[in-house]
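Colleague: Could you take me through this model? I should like to begin with the strands and then turn to the packing.

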Amino acid sequence: MRMFRHAHATALVALLLAVFGCTPTAGRQKSENQSNNPKEKETKTMKPIELTKEEFKKNVYDYTKHPNEWSFEGSRPAVIDFYATWCGPCRATAPAVEAIAQKYEGKVDVYKVDVDKQEELAALFGIQTIPTLLFIPKNELPTKKVGAMTEQMLDENVKQLLLQ
């Protein structure tokens, strides 16, 4: 009976760690990112861009100029990750967002908006649950997806919603 409880507790702890982004690999990320291979460093340069309200208006949507109509300001489709630094599922999604930024560099712009620092932007899109990802095609209305995503899920959404 004790063996079952221990196995059950271990599985529960592993699940909680995965959900809240506290994985055993977190400590290894630093050493992996400190590679001496210059080509590897080049491929890992593209990261999501943190947006302020002013940058958002310039690069995504100027809601002061067009308050009643969507008018995308970007030159490429975009993904916006609405997150908070204290949010476990947001931290779990962050590596997938970074991987998508690298994979689609030059094809899709990837942004991040900290909902605690940019409350006006969060309110503009009715963000009530984080993480929330906004997929913005060049010539269509944005699509909002709520909840943590793996890299594969995020990649499928980019292909389906932005690159068709």
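**Strand β3 and its surroundings**

Modeller: Both faces of β3 are covered, since Asp 109, Tyr 111 and Val 113 on one side and Val 110, Lys 112 and Asp 114 on the other are all buried. Buried means under 20% relative accessible area, with a 1.4 Å probe and protein chains only. Strands are DSSP runs of E with at least two residues, helices are runs of H or I with at least four, and both are numbered from the N terminus.

Colleague: What kind of model is this, and how are residues numbered?

Modeller: This is a predicted model, in which local features need pLDDT of at least 70 and side-chain atom pairs count only at pLDDT 80 or more, while totals for chains, interfaces and linings use all residues. Residues are numbered from 1 along each chain as its sequence is written, and side-chain values use heavy atoms, with hydrogens and water left out.

Colleague: Which strands pair with β3, and in what sense?

Modeller: Strand β2 (residues 78–83) pairs with β3 in the parallel sense over six bridges, and β1 (residues 49–50) pairs with β3 in the parallel sense over two bridges. Pairing requires at least two DSSP bridges between the strands. Val 79 has Val 110 as its bridge partner in β3, and Ile 49 has Tyr 111.

Colleague: How does the chain get from β2 to β3?

Modeller: The chain passes through helix α5 (residues 88–103), and this β-α-β crossover is right-handed. That is, with the strands pointing away from the viewer, the path from the first strand over the helix to the second runs clockwise.

Colleague: Now the packing. Which residues have the most contacts inside the largest nonpolar core?

Modeller: They are Phe 56, Val 60, Ile 80, Phe 82 and Ile 136, in a core of 24 residues. A nonpolar core is a set of buried Ala, Val, Leu, Ile, Met, Phe, Trp, Tyr and Cys residues joined through side-chain atoms within 4.5 Å. The largest share of this core, four residues, comes from β2.

Colleague: What about Lys 57: buried or exposed?

Modeller: Lys 57 is buried, with a relative accessible area of 14%. Lys 57 lies in helix α4 (residues 53–59). Leaving aside neighbours within four places in sequence, Lys 57 is in contact (heavy atoms within 4.5 Å) with Asp 62, Tyr 63, Thr 64 and Glu 73.

Colleague: And how many helices and strands are there in the chain?

Modeller: The chain has seven helices and five strands. Of its 164 residues, 36% count as buried.

Methods:
Buried means under 20% relative accessible area, exposed over 50%, partly exposed in between (1.4 Å probe, protein chains only).
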